[in-house]
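Trainee: Could we go through this one together, helix by helix? I'd like to hear the reasoning as well as the answers.

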Amino acid sequence: MTAPTQELDARQLPEPQRPAAVLGQLARLETGQELVLVTPHDPRPLLRRLLAELPDRLDWGPLRRGPELWRWQFAARPPEPRTVAGYLVWDHRRMETLLHQGTTAAAAGQWREAGPRLEEYGVALLRHADIEDDILFPVYEKLGGGLADSPTAMMRGEHTQVRLAVHDLLAAARRTDAPGVLAALGRLQAVVVEHHVKEEEILFPSLDDALEPPARRALVEQLLLA
């Protein structure tokens with residue numbers, strides 16, 4: 001996620017040629033390159049086409065989700081089978097980049113940069129927590145026999161703490177309160193750093209090991225479309 005990020009505003013393309021132009025530009029991305037797509041409508045039909053026409057070529061996640069404007073971040077990935085860890089670890093790094101950019105700008109008083117990056121971080125993180133709670137954790141719990149001491153029970157509680165900290169972070173950013181942003185960042189990182197480690201070292205690899213390749217692929221595609 002270190003290559004410069006391109007941006008494509010689909011609103012500026014003639015509507016009849018728009019889908020082909022967007023698909024073409026995404027298809028030309030090389031591994032490690034990124035593109036932010038701006039569109040006036042939910043891009044989910046495009047995402048389904050990408051899974052069919054460019055399988056295993058791209059990872060993606062939202063930066064803004066309507067109601068009048070959508071911004072979606074795409075990254076070209078190596079041409080290899082998808083894994084739970086591959087996609088969700090990429091999303092972790094994406095969120096960490098947005099958070100670092102936003103909080104660094106806030107500490108410097110650069111609110112024109114800080115505000116948008118932190119709002120994007122909020123969108124990315126809340127969506128990530130939701131797809132884990134609603135899609136990923138139930139699969140893990142089913143594979144584990146619904147054990148009462150499943151680590152997902154603790155992780156759900158950590159998601160609640162994370163959502164509260166993000167709410168405070170964004171509220172502080174909206175009132176251009178740098179000390180408030182940094183205080184919320186401290187509360188957030190007290191939970192999310194260890195949370196990500198547990199997921200990346202235990203949860204995600206366990207799911208990849210437990211699922212047969214077709215089931216693993218179907219799960220990742222469900223996460224991508226959520």
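What follows is a short back-and-forth on helix packing, helix bends and two backbone details.

Mentor: Sure, and keep in mind that this is a predicted model.

Trainee: Let's take helix 3 and helix 4: are they roughly parallel or roughly antiparallel?

Mentor: Start with the geometry: the axes of helix 3 (residues 84–107) and helix 4 (residues 111–143) come within 8 Å and cross at roughly 155°. Angles over 145 degrees count as roughly antiparallel. So the call for helix 3 and helix 4 is roughly antiparallel.

Trainee: And what is the handedness of that crossing, and how many nonpolar residues does the contact of helix 3 with helix 4 have?

Mentor: Helix 3 passes helix 4 in a left-handed crossing. Split by class, their contact has five polar and seven charged residues, and the nonpolar count is 16.

Trainee: Helix 4 also packs on helix 5, so which way do those two run relative to each other?

Mentor: Here the axes of helix 4 and helix 5 (residues 151–174) are 10 Å apart, at an angle of about 165°. That angle makes the pair roughly antiparallel.

Trainee: How many charged residues are in the contact of helix 4 with helix 5?

Mentor: The crossing of helix 4 past helix 5 is left-handed. Its contact includes 16 nonpolar and three polar residues, and the charged ones number eight.

Trainee: What about helix 5 and helix 6: roughly parallel or roughly antiparallel?

Mentor: Helix 5 and helix 6 pack with axes 9 Å apart and an angle of about 150°. Helix 5 passes helix 6 in a left-handed crossing, and the contact divides into 15 nonpolar, five polar and five charged residues. Given the angle, the pair is therefore roughly antiparallel.

Trainee: Where is the kink in helix 4 centred?

Mentor: End to end, helix 4 looks ordinary enough: its 33 residues reach 45 Å from first C-alpha to last, close to the 48 Å expected at 1.5 Å a residue. Even so, there's a kink of about 40° in helix 4, and its centre is E132.

Trainee: Does the length of helix 6 fit too, and at which residue does helix 6 bend?

Mentor: The 33 residues of helix 6 (residues 178–210) should span 48 Å at 1.5 Å a residue, and the end C-alpha atoms are 44 Å apart, which agrees. Helix 6 bends by about 40°, and the residue is E199.

Trainee: Which residue caps the N-terminal end of helix 6?

Mentor: Look for a side-chain oxygen 2.9 Å from the backbone nitrogen of G180. The residue that supplies that oxygen is D177.

Trainee: Away from the helices, which peptide bond is cis?

Mentor: Go to the loop between strand 3 (58–65) and strand 4 (70–76), where P67 sits. With omega near 5°, the cis bond is the one from G66 to P67.

Trainee: And which residue has a positive phi although it is not a glycine?

Mentor: Check the loop between helix 2 (44–53) and strand 3. There phi is about 65° at D56.

How values were computed:
Residues are numbered from 1 along each chain as its sequence is written. This is a predicted model: local features need pLDDT of at least 70, side-chain atom pairs count only at pLDDT 80 or more; totals for chains, interfaces and linings use all residues. Side-chain values use heavy atoms; hydrogens and water are left out. Axes are lines fitted to C-alpha atoms, for helices over the stretch in contact, and angles run from 0 to 180 degrees between N-to-C directions. Helices (H or I, at least four residues) and strands (E, at least two) are DSSP runs, numbered from the N terminus. Angles under 35 degrees count as roughly parallel, over 145 as roughly antiparallel, 65 to 115 as roughly perpendicular and the rest as oblique. A crossing is left-handed if the near helix is turned anticlockwise from the far one by less than a right angle, and right-handed if clockwise. Ala, Val, Leu, Ile, Met, Phe, Trp, Tyr, Cys and Pro count as nonpolar, Asp, Glu, Lys and Arg as charged, and the others, Gly among them, as polar. The expected span of a helix is 1.5 Å times one less than its number of residues. The bend at a residue is the angle between axes fitted to the seven residues ending there and the seven starting there. A polar contact is a pair of N or O atoms within 3.5 Å; within protein, one must be able to donate a hydrogen and the other to accept it, and residues adjacent in sequence count only if both atoms are side-chain atoms.
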